[in-house]
Each structure stands twice: as C-alpha cells, then as structure tokens.
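Work through the exercises below with the sequence and the 3D structure open. Try each task before reading its solution.

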Amino acid sequence: KVLVFDFGAQYGQLIARRVRDLHVYSEIVPCDISAAEVAQMAPSAIILSGGPASVYAEDAPSIDAGIFELGVPVLGFCYGHQIMAVTLGGEVAHSEVGEYGPATLACDNDSALFKGTPMEQTVWMSHRDAVSRVPEGFVVTGRTDVCPVAAMECPERKLYSTQFHPEVRHTEHGQRILKNFLFGVCGLVEDWTMDNLVEQKVAEIREQVGEDRVILALSGGVDSSVVAALGARAIGKQMTCVFVNHGLLRKGEPEQVEEVFTKQFDVDFIHVHAEDRYAELLAGVTDPEQKRRIIGTQFWNEFFAVAKQLEEDGRPVKYLAQGTIYPDIIESGARKTGGKASTIKSHHNLIPFPEGVHFDLIEPLDHFFKDEVRELGLALGLPEHIVYRQPFPGPGLAIRIIGAVDPEKLSILKDADAIVREELDAYNQRLFEETGERNSEHSCWQYFCVLPDIRSVGVMGDERTYARPVILRAVESSDAMTADWAKLPYDVLARISGRIVAEVPGVNRVAYDITSKPPATIEWE
Ligand code: XMP
C-alpha cells in the first residue's frame, strides 16, 4: 500500500484518489505519524502532500526524520518537497515573488520520475517559499524560470520530490510522473481493481462472519445497497436486510428496492411497512427539526424491533453491517488517534443502541471513496438506477413538505417529483452522452420538488382554480457543501412545468428556486 501523508486539509485526498485511479491502494495518514507506526504499516511507498503552511512558521507541521531511514521510497509534492529538503539538511528560502498557476518546467528526462515525458512541460505551481539548497546526495532534476529547484531526487535512497503538483489535472504529465514513481521506482503492480476487490471483500466478510447472522439497515441508497449486494455474494441469507418503509420515499422506490433485493440478490429481505405508524407520529408536526427527530427515532425503533424478533425466532444477530465510506472516516478524524479500533468506536457512538443491545460492526466500504463504491456496485451487478441514485435525505419527503405532512400533500409531491426525475434524468443522460462524464460540470446533482404550505389562484379551462404551487429545486454540486442552482435550458423548464400542471391534480403553478448554497440550503427544511 501507499501511504499519503496529509499536510493540510483535503490535499491528501486528491493524491490518494490519483493513486487509486492507477489501481494501487492508497491510504491517508496524518503527517505527524511516527516512523515506528509507519514501519508497522509496512507501506511500499510514501507520498507527502502539499499544505498551506510555510515550513518555518511556528506551528508548521513537521515529519519524523526516521521515516526517510526506513528504506521506503518517498515522493514529496510542494510542502512535501520543502519538508523533505529541510528535514534532510537542505534549505528553504522565503521569496518575494510567488509562483501560482501554470509554469514551464525544464526537466532531466533521464530521471526515473520524468521518464517518457518531454524535457519541457507544463506544471501547476502554487508556492511562495522555495528550496534554495538541496540536501547532501540530492541532485536537481527540474527547474522553472522562477524556481531553481522545481524537482530534486536522491535515486540511491529512492527519495524524490517536486515543487509543483503532479496530482492536479493542469500538470500535463502528472499522472505519468505518478506512474513512473509507483511502477518504475517502487515496482508496484495494479491490483486495486474492482474485480479483485469484490473477491477480497467477499472473502473478508466470510472470514469475519463465520456462521453468524448479520443485519443491515437497507435504505435503497448507494452505500447500503452495495453492502447488501456484497453481503448477498458473501453470505447469502445469513444477512438480513431490513428495509424500513416510512412512506416518505419517492414514487416507485420501495417497489424497486424490494424487486432488486428479492429477485436479483439472495438476501433475507424484510420489508417493514411502517407507513401508518409514521403518518400518525408526524400528524400536525410542522417544525423541521422535530420531524427529523421523530423520523430518526422511529427508524431505530422499527429496526431494533426486527432484531429482537429475529432473536426470539432463534436467529440471533451478531453483526451490524454499515455503509460507512472512507471520507466519513477521514472527516470524523477518527484515524488521527491511530488505527481502526478507534474508528469503529466513533461510529458505534452514532447509533443509539437500546439498553443491553450489542452488535459488532462490519463496515466493508470503509476504505472506499464514493465513486469507487459506485464501481463496486456495478461490478456486483447492481442496476444503474441504484448506483447513480441522487442523494436523498434520510427524513425523505417529510422535509420537502413545508408544514405538516398529510397523505394528500404526500401524493401530490410524489407525483410532481416523479415528473421532475423523469425529465432531469433524461437531461443528465443527454449531458452524459455529450461529455462522456457522469457528473459533468452542468449535470444536475440533486433535483426534486418542494411543496409549500400555500395556495394560489389560477385559471384552467374556463375555471378559476385555487390550488397548490410546487417549487422545483435543481442544483449543481459535488459534495453538497456548496451548490449552484442549475441553469436549466428553458425548454426543459417549460416541459417540467407543463407536465406537472397537466398531470398532477391539485397543482396549478410551478416556481423555480434560483438560489445557490450559500446563502440558501439545498433542502427547504
Ligand atoms: P442542505 O439542505 O443542508 O443539504 O443544503 C445538504 C445535503 O444533505 C441532505 N440532507 C439530509 N440528509 N438527513 C440526511 O440524510 C437529513 O436530515 C438531511 N437534510 C439535508 C440534502 O438532501 C443535501 O444532499
């Protein structure tokens, strides 16, 4: 495996992604990890990320010098380049002019790092400090007009570094440079492939579970569906998938989930029809947070009731499977305290286990990024409508109905939402065919309807109507932290509005939410 030392929030993630794109397994570790801990993890290579600090700043992150003595090849970028230089006895100087954006690198292509790339190439720079003297035993292998040590190396010790960022797309030969390091210098092989991983995960689950029973809360979302599909392959009916139907999913969705996991995958599938219980609990509730609390609490009530029933039926559950993915773990910071054990505990705490209930956790996706989870899903044979499902909030349509939820409003919202999905799925598909990218710049990331608690006047045929408006919400985003309202073509908007008013009784108006996040949020509640 390749360890990526993270010297600044998010810098490591992109590098880890690039390494995995080359089918080599990589893992992010905090930069203050000790040489002894690294030795224990026995990596085949180390990459030092960039970071926002200056190496001479007071609280600048440093690196355990022992790491360079382990005999493990190291590649440093930007801050990683500078920290390698100062730690090994070189010097970094402040410079007056920074270097930001594209730069022309002149490199020595007899360096193993630049093999097969031109002697002049465009690289992406973002720095003010620069290495002014290389450590003993190092040679300079690349330079730009502004930066005399844009790349350096000590091939005997397999230590390499660059001031520029090979991980960003703007560095013309970045992927080749990374390949040269991983395959040329370190002699790694491409074994992080989805087919291998399916086999590996299946074997791991079998080994961990043995003859015991596993339970999974299956929501129909991508992550829990992939866990279910993996479980089906590994342990079949030893896995009970509990699908709690709160009646707040989108039109047709419960039927689709049931179809996939009863017909295509051989798990023990339990469809809990909790629609009436939820309707009763939510009656008259208008506060969004109270809705969330009610829905969340009831979910676990329903789920644990099934676990209890299994126990009473003589099929006790030992393991709880969860669709935790790698970014959840990195972001929770759990790895910072070292090792998997602490991670598992931190996730454990999120689930309100009732008194006396205990499960061991299985988290087969805890090393995967989201798009790897999708690839894994496809490799397992999950249908595209699940694998590419748009994000959908746990509390479902309840937080898209402003004010109290009732059956009439739910029915209107489901019908309007189904039209929006049909039209914008088709729109996204057209963009995919044009660009070849599933999540291209302008494809809609999340799209749905909101039903406000008001009425408006309209005229349909010869009659005045006093009916409901629906609000269309469609955003472009990559992580939901920020979002842009989608600049949908007018003809697409016109079709959606025309169809909703014509096909959904009780609706006489469609409005489009043209607010980005921030200042708005994606959902209305
Ligand atoms: P906001 O509305 O905060 O939403 O911009 C950001 C993303 O989170 C989703 N979301 C939720 N997901 N439970 C969830 O599981 C919730 O209570 C919840 N509220 C918002 C939302 O759909 C968007 O993708």
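**Exercise 1. The chain as a whole**

How many helices and how many strands does the chain have?

Solution. Two remarks come before the count. The model is predicted, so local features need pLDDT of at least 70 and side-chain atom pairs count only at pLDDT 80 or more, while totals for chains, interfaces and linings use all residues. Residues are numbered from 1 along each chain as its sequence is written.

Step 1. Helices are DSSP runs of H or I with at least four residues, strands are runs of E with at least two, and both are numbered from the N terminus. The chain has 15 helices and 21 strands.

Step 2. The C-alpha atoms fill a box of roughly 85 × 60 × 40 Å along the principal axes.

Step 3. A residue is buried if 20 or more other C-beta atoms lie within 10 Å of its own, exposed if 12 or fewer, and partly exposed in between, with C-beta atoms placed from the backbone. Of the 525 residues, 39% count as buried.

**Exercise 2. Two packed helices**

Describe how helices H5 and H6 pack, and state which residues make the contact.

Solution. Step 1. Helix H5 covers residues 194–209 and helix H6 covers residues 222–235. Their axes are 9 Å apart, at an angle of about 70 degrees. Axes are lines fitted to C-alpha atoms, for helices over the stretch in contact, and angles run from 0 to 180 degrees between N-to-C directions.

Step 2. H5 and H6 are therefore roughly perpendicular to each other. The cut-offs are under 35 degrees for roughly parallel, over 145 for roughly antiparallel, 65 to 115 for roughly perpendicular, and oblique for the rest.

Step 3. H5 contributes Lys-201, Val-202, Ile-205, Arg-206 and Val-209 to the contact, and H6 contributes Leu-230, Gly-231, Arg-233, Ala-234 and Ile-235. Two residues are in contact if their C-beta atoms, placed from the backbone, lie within 7 Å.

Step 4. The residues of this contact divide into six nonpolar, one polar and three charged. Here Ala, Val, Leu, Ile, Met, Phe, Trp, Tyr, Cys and Pro count as nonpolar, Asp, Glu, Lys and Arg as charged, and the others, Gly among them, as polar.

**Exercise 3. Ala-130**

Is Ala-130 buried or exposed, and which residues does it touch?

Solution. Step 1. Ala-130 is in strand S8, residues 130–133.

Step 2. Ala-130 counts as buried because it has 24 C-beta neighbours inside 10 Å.

Step 3. Leaving out residues up to four places away in sequence, Ala-130 touches Val-92, Ala-93, Ser-95, Cys-147, Val-149 and Gln-163.

Step 4. Gln-82 is 48 residues from Ala-130 along the chain, and their C-alpha atoms are separated by 7.0 Å.

**Exercise 4. Backbone angles**

Which residue in the loop between strand S4 and helix H3 has a positive phi?

Solution. Step 1. The residue is Cys-78, in the loop between S4 (74–77) and H3 (79–87). Its phi is about 55 degrees, although Cys-78 is not a glycine.

Step 2. Cys-78 is buried, with 27 other C-beta atoms within 10 Å.

Step 3. Ala-480 also has a positive phi, near 70 degrees. Ala-480 lies in the loop between strand S19 (463–476) and strand S20 (484–485). With 14 C-beta neighbours inside 10 Å, Ala-480 counts as partly exposed.

Step 4. The peptide bond from Lys-517 to Pro-518 is cis, with omega near -15 degrees. A cis bond also joins Pro-518 and Pro-519, with omega about 10 degrees.
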